[in-house]
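User: Please take a close look at the cysteines in this model, and then set them in the context of the packing around them. I would like one connected account.

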Amino acid sequence: MIYLQLFLSFLQIGLFSFGGGYAAMPLIQGEIVTSHGWLSMSEFTDLITISQMTPGPIAVNSATFVGIKIAGIPGAIVATAGCILPSCVIVTLLARLYLKYRSMNVLQSVLTTLRPAVVAMIASAGISILVSAFWGNDGAVTPAGTNWSLVVIFIVSFALLKKWKMNPILVMLLAGVLKLAVAVAAG
């Protein structure tokens, strides 16, 4: 039964996650944290971090990770298959249709209309992870409950990426070193 749940959950994620990995994060969170409780919000945040650092799409990495955690290697295979099956079918069909109808104005209008929805989904996922990182999982966003060391690390990382165009891998390593230094200094 767990294999069927894994397959159907990640089939749904694979089927409705338009816009790539960041847009899929609210769907993944809804299925694995809210609906099934397979991961806590803290574990979900860790999952996103791990999925970012490993090669491959976020949704597929998430499916593999959750599958292994819930049902071992067979669970990982089932969850990953559920996640990629819709993409394989849809991309094959869309490629054929796009090649046939690519010059139609209606198709171009539909693609243009989808862009704001994808941006909203990405922003929603980002805000959810930001709140979880700075204020924990209790949902209380207060100055007293703010993890200020993480806020400072975020600001420094953001500045290094945007202003000085630093390599994202180096920024991630630096953020890890800063967090480790804060943890050592505090404990």
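Analyst: In this predicted model, a search of the whole structure finds zero disulfides. A disulfide is a covalent bond between the sulfur atoms of two cysteines. The sulfur of Cys83 has its closest cysteine sulfur in Cys88, at 10.0 Å, and this is too far for a bond, because a pair counts as a disulfide only within 2.5 Å. The relation also holds from the other side: for Cys88, the closest cysteine sulfur is that of Cys83, at 10.0 Å, again too far for a bond. The two residues can also be described by their accessibility. Cys83 is buried, at a relative accessible area of 4%, whereas Cys88 is partly exposed, at 46%.

The surroundings of Cys83 lead to Phe10. Leaving out residues up to four places away in sequence, Phe10 touches Cys83 and Gly82, together with Ile32, Trp38, Ala59, Ser62, Ala63, Val66 and Ala79. Phe10 is also one of the residues that touch the most other members of the largest nonpolar core, a set of 24 residues; the others are Leu6, Ile28, Ile32, Phe44 and Val66. Five helices each supply at least two residues of this core: helix 1 (2–16), helix 2, helix 3, helix 4 (58–101) and helix 5 (105–135). Helix 4 gives the largest share, eight residues. In soluble globular proteins, nonpolar side chains tend to be buried together.

Leu85 also lies in helix 4. Leu85 is partly exposed, with a relative accessibility of 42%. Its contacts, apart from neighbours within four places in sequence, are Phe7 and Leu11. The C-alpha atoms of Leu85 and Gly14 are 7.4 Å apart, although 71 residues separate the two in sequence.

Two helix pairs show how the elements that supply the core meet one another. The axes of helix 2 (residues 21–35) and helix 3 (residues 41–53) come within 11 Å and cross at roughly 145°, and this crossing is right-handed. On the helix 2 side the contact involves Tyr22, Met25, Ile28, Gln29, Ile32 and Val33, and on the helix 3 side Met41, Phe44, Leu47, Ile48 and Gln52. By class, these contact residues comprise nine nonpolar, two polar and no charged. Ile28, Ile32 and Phe44 thus appear in this contact and also among the core residues that touch the most other members.

Helix 3 also meets helix 5. Their axes come within 10 Å and cross at roughly 115°, in a left-handed crossing. Met41, Thr45 and Ile48 of helix 3 and Ser128, Ile129 and Ser132 of helix 5 make the contact. Its residues divide into three nonpolar, three polar and no charged. Met41 and Ile48 take part in this contact and also in the contact of helix 3 with helix 2.

Further along the chain, Ser157 belongs to helix 6 (residues 148–162). Ser157 counts as buried, at 14% relative accessibility. Residues up to four places away in sequence aside, Ser157 touches Val171 and Ala175. In the loop between helix 6 and helix 7 (168–186) lies Lys165. Lys165 is not a glycine, yet it has a positive phi of about 50°. Most residues other than glycine have a negative phi, and most peptide bonds are trans. Lys165 is exposed, with a relative accessible area of 64%.

For the chain as a whole, there are seven helices and zero strands, in the order α-α-α-α-α-α-α from the N terminus on. The C-alpha trace spans about 60 × 45 × 30 Å along its principal axes. Of the 187 residues in the chain, 27% are buried. Among contacts between residues at least 6 apart in sequence, 54% join residues at least 24 apart.

To return to the cysteines: Cys83 is buried and in contact with Phe10, Cys88 is partly exposed, and the search finds zero disulfides.

Technical notes. Residues are numbered from 1 along each chain as its sequence is written. This is a predicted model: local features need pLDDT of at least 70, side-chain atom pairs count only at pLDDT 80 or more; totals for chains, interfaces and linings use all residues. Side-chain values use heavy atoms; hydrogens and water are left out. Buried means under 20% relative accessible area, exposed over 50%, partly exposed in between (1.4 Å probe, protein chains only). Axes are lines fitted to C-alpha atoms, for helices over the stretch in contact, and angles run from 0 to 180 degrees between N-to-C directions. Helices (H or I, at least four residues) and strands (E, at least two) are DSSP runs, numbered from the N terminus. A crossing is left-handed if the near helix is turned anticlockwise from the far one by less than a right angle, and right-handed if clockwise. Contact means heavy atoms within 4.5 Å. Ala, Val, Leu, Ile, Met, Phe, Trp, Tyr, Cys and Pro count as nonpolar, Asp, Glu, Lys and Arg as charged, and the others, Gly among them, as polar. A nonpolar core is a set of buried Ala, Val, Leu, Ile, Met, Phe, Trp, Tyr and Cys residues joined through side-chain atoms within 4.5 Å.
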